[in-house]
Amino acid sequence: MPDRESAARRSIDRLVVAAALLLSLAGCGRGPAAPAPGARPNVLLITVDTLRPDHLGCYGYTRPTSRSIDTLARRGVVFRTAITAAGRTVQSFPSILTGVYPMTHGLRYEGQSYEVLGDRLTLTRVLKDHGYESFAVTQGLNVGLHRDFDMYDPDIYIDPNGKKVYLPTKSDSDATRKAAQWLRNRKRKDAPFFLWLRYNAPHWPYIAPAPYTEMFDPQYKGPHTFNEEAGPGVERGDIIFGKKRLPEREVEHAVAHYDDEVACADQATGELLSDLEAMGLLSTTLVVLTADHGESLGEHDYFFEHGAYLYEATVRVPLILSYPPSLPAGEVVAAQARTIDIVPTVLDIAGIPIPAGLQGASLLPRMLGRTTGPAPPAYSESGRNFYKENPRQYVDGVAGKWRMMRSDRFKLIMIPAKSSGPIWEFYDLQSDPGESANALGKFPAEEQALRRALLDLVAGDPSKDDRDEPPVPPGLEDDLRSLGYVGGKKP
């Protein structure tokens, strides 16, 4: 194990040294320079599935999980707090690519037809209408966003010479190789590109490939129950919701496994950025790195999952933007951002008019210091309930979704209940970042403002009273089970 760990660290070190040298040669230490007249940046959107920001060095984590991402952060702007629009992949990614909340784009739970997105305007389409070539490497993800891409996640495609290229994607490094292959062989090299790359390593089960396996806790020799789908008499939901308690030492090791996977995704990120630098593209590419949601690692008795609750561990995501011609380097923004802000921000930086109807707002003025003061409130909602063991899901369907509204300092959570009104939780995140004490009634003005904003938004949800959920199709159920989303059958 120590040899494997050393090999992984040496590999990462070599990558970071090379990247740092190349970035210094690119002059990333200087202030933003004006882009060439009429030039539009290439756009690289990196999404790392299930990535918690507090497990990255640039957000204060002490384990060396993210040296490449940390290098990107030093080159650009880090939003200290960014909030996803939903705690599950199927709802979150459409919000990232459309700039609107789930109740607006319409995709609310797994098993729903992706046709609900219809002709919803996406970042891809706007960029395409302005001359961009587009490609997506999502490792099999399909949530209805494929329509507007020139090429979407192919295993086989034709290169410019007419030759078939076979590039299956079985890992994050494979995803990087596929993206680099497209960049080298794309037909319209005179046109700007939009590349969306989804890395998936941090998702459960936490089984990182070599050389990252057991990278951070090689001394542990105990069981790995946290990675098992189910056992005799024990459903995965029993572990997720704390009914089956794992030893504290095993939970610590599970966190180390999660960190192994973060390091794996970080390596793939570094490889991609190095490829861009080698092609001479990095200095003219707007890089946006974020996640669809976080991951609960035991907070609030919620283990190795996401989507059911709306506490900080699952709704906070990283958000890093780098584009040396227009954005400052090494900047940290304290005000919160939202994943629905990504679309208008990218368009603003690219000099493309922001279309009407978006619920997000451009972050460019805040990054340049032109806007100060409180950030707009951030909404998020829970995903589909897959577990009969969930003790805090009281109502089925969209009507039963947890919903929250968050300001820079406070958070209000609404939990629908079967009888009487909803259950409310209110947290002062400044004095209670772990959300351990319900402060309902202690800050009446702030609580009322968030409650009004939340209820106004929910009032416009066309599905707010829907208690029916379509059955999960058999093929999709198998896929969801492999990802740990489906436990025992609900009664």
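Student: Are Asp 341 and Arg 338 buried or exposed?
Tutor: This is a predicted model: local features need pLDDT of at least 70, side-chain atom pairs count only at pLDDT 80 or more, and totals for chains, interfaces and linings use all residues. Residues are numbered from 1 along each chain as its sequence is written, and side-chain values use heavy atoms, with hydrogens and water left out. Buried means under 20% relative accessible area, exposed over 50%, partly exposed in between (1.4 Å probe, protein chains only). By that scale Asp 341 and Arg 338 are both buried.

Student: How far apart are the closest N and O atoms of Asp 341 and Arg 338?
Tutor: A salt bridge needs a side-chain nitrogen of Lys or Arg within 4 Å of a carboxyl oxygen of Asp or Glu. Asp 341 and Arg 338 form one, with the closest N and O atoms separated by 2.9 Å.

Student: Which parts does the salt bridge between Arg 406 and Glu 312 tie together?
Tutor: The closest N and O atoms of Arg 406 and Glu 312 are 2.9 Å apart. Arg 406 and Glu 312 are both buried. Helices (H or I, at least four residues) and strands (E, at least two) are DSSP runs, numbered from the N terminus. The two parts are 94 residues apart in sequence, because Arg 406 lies in strand E17 (residues 403–406) and Glu 312 in helix H9 (residues 312–315).

Student: Asp 148 also forms a salt bridge with Arg 125; how many residues apart in sequence are the parts it ties together?
Tutor: The closest N and O atoms of this pair are 3.4 Å apart. Asp 148 sits in the loop between strand E4 (133–137) and strand E5 (151–152), and Arg 125 in helix H5 (residues 123–129), so the separation is 23 residues.

Student: Is Arg 125 buried or partly exposed?
Tutor: Its partner Asp 148 has 13% relative accessibility and so counts as buried. Arg 125 has 23%, so this residue counts as partly exposed.

Student: Which residues are linked in a network of salt bridges?
Tutor: The structure holds 27 salt bridges. Some are joined up: the network links Arg 108, Glu 381, Lys 401, Arg 403 and Asp 461.

Student: Which residue in contact with Gly 87 also belongs to that network?
Tutor: Gly 87 lies in the loop between strand E3 (82–83) and helix H3 (89–98). At 0% relative accessibility, Gly 87 counts as buried. Contact means heavy atoms within 4.5 Å. Leaving aside neighbours within four places in sequence, Gly 87 is in contact with His 293, His 306, Gly 307, Ser 380 and the network member Glu 381.

Student: What is the C-alpha to C-alpha distance between Gly 87 and Gly 383?
Tutor: In sequence, Gly 87 and Gly 383 are 296 residues apart. In space, their C-alpha atoms are separated by 6.0 Å.

Student: Which helix gives the most to the largest nonpolar core?
Tutor: A nonpolar core is a set of buried Ala, Val, Leu, Ile, Met, Phe, Trp, Tyr and Cys residues joined through side-chain atoms within 4.5 Å. The largest has 98 residues, and Phe 194, Trp 196 and Phe 304 touch the most other members. With 13 residues, the top contributor is helix H8 (residues 248–278).

Student: How many residues does the other core have?
Tutor: This other core lies apart from the largest one. Among its members are Ile 83, Ile 240, Tyr 302 and Val 315, and its size is 18 residues.

Student: What share of the contacts in the chain with a separation of 6 or more joins residues 24 or more positions apart?
Tutor: The chain has 13 helices and 19 strands. Of its 491 residues, 58% count as buried. For those contacts, the share from residues 24 or more positions apart is 71%.
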